Amino acid sequence: MDWLMLIAAGCCEMLGVAMLGKLQLNRNWQTLCLFLLGFGGSLLLLSQAMNTLPMGTAYAVWTGIGASGGAVLGMLLYGEERELRRIICIVMILGAAVGLKLLG
């Protein structure tokens, strides 16, 4: 259950990052509410997951999901470059997060 909360926290962070990008383009209350919900939910779920998971592992996985998910959303939603080197870096971030899970 703790790992599911951590993955959900990472997904909420992705929502927050996506809404932050959208706020730069178009400011409205709906986007602002989703931005606050995304980051608020992310921190709440992260804190719950850290009740049982080691802090270093939980934080690294959370930031890994958020960073790689944010990069993917940037490519899919905001037209950022989809070059191979960027995709390899995203895979490396996710691989490191999985490695921390396997070691910890």
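**View 1. Leu25 in helix H1.** Leu25 belongs to helix H1, which covers residues 2-25. Keep in mind as you look around that this is a predicted model. Is Leu25 buried or exposed? Its relative accessibility is 68%, so Leu25 counts as exposed, the cut-off for that word being over 50%.

**View 2. A nonpolar patch on the surface.** Leu25 has company here: together with Val72, Leu76, Leu77 and Tyr78, Leu25 forms a nonpolar patch on the surface. The accessible area of these residues together is about 500 Å². Which helix gives the most to the patch? That is helix H3, residues 55-77, with three residues.

**View 3. Met5, where distant parts of the sequence meet.** Now we move to another residue of helix H1, Met5. Met5 has a relative accessible area of 21%, so it is partly exposed; buried would need a value under 20%. How far apart are Met5 and Leu46, in sequence and in space? They are separated by 41 residues in sequence, yet their C-alpha atoms lie 7.0 Å apart. Met5 also touches Leu45, Gln48 and Ala49, when residues up to four places away in sequence are not counted.

**View 4. Thr31, a buried residue of helix H2.** Thr31 sits in helix H2, made of residues 29-49. Why does Thr31 count as buried? Its relative accessible area is 2%, and the cut-off for buried is under 20%. Setting aside neighbours within four places in sequence, you can find Thr31 in contact with Met19, Lys22, Leu23 and Asn26.

**View 5. Helix H2 from end to end.** Here is a simple check you can follow on the structure. H2 has 21 residues, and at 1.5 Å a residue these should span 30 Å. The C-alpha atoms at its ends are 30 Å apart, so the expected span and the model agree.

**View 6. The two sides of helix H2.** Which residues of H2 are buried? They are Thr31, Phe35, Gly38, Gly41, Ser42, Leu46 and Ala49. These residues cover an arc of only 145° around the axis, and therefore they are on the same side of H2. A general rule helps in reading this pattern: an α-helix has 3.6 residues a turn, so residues three or four places apart point the same way. What do the buried residues of H2 pack against? Their partners are H1 and H3. Turning to the other side of H2, you meet the exposed residues Trp29, Leu36, Leu37, Leu43 and Leu44.

Methods
Residues are numbered from 1 along each chain as its sequence is written. This is a predicted model: local features need pLDDT of at least 70, side-chain atom pairs count only at pLDDT 80 or more; totals for chains, interfaces and linings use all residues. Side-chain values use heavy atoms; hydrogens and water are left out. Patches are made of residues with over 30% relative accessible area and no salt bridge: like charges are joined within 9 Å, nonpolar side chains (Val, Leu, Ile, Met, Phe, Trp, Tyr) within 5 Å. Accessible areas come from the Shrake-Rupley method with a 1.4 Å probe; for residues, only the protein chains shown count as cover. A salt bridge is a side-chain nitrogen of Lys or Arg within 4 Å of a carboxyl oxygen of Asp or Glu. Helices (H or I, at least four residues) and strands (E, at least two) are DSSP runs, numbered from the N terminus. Buried means under 20% relative accessible area, exposed over 50%, partly exposed in between (1.4 Å probe, protein chains only). Contact means heavy atoms within 4.5 Å. The expected span of a helix is 1.5 Å times one less than its number of residues. The arc is that of the directions from the helix axis to the C-beta atoms.
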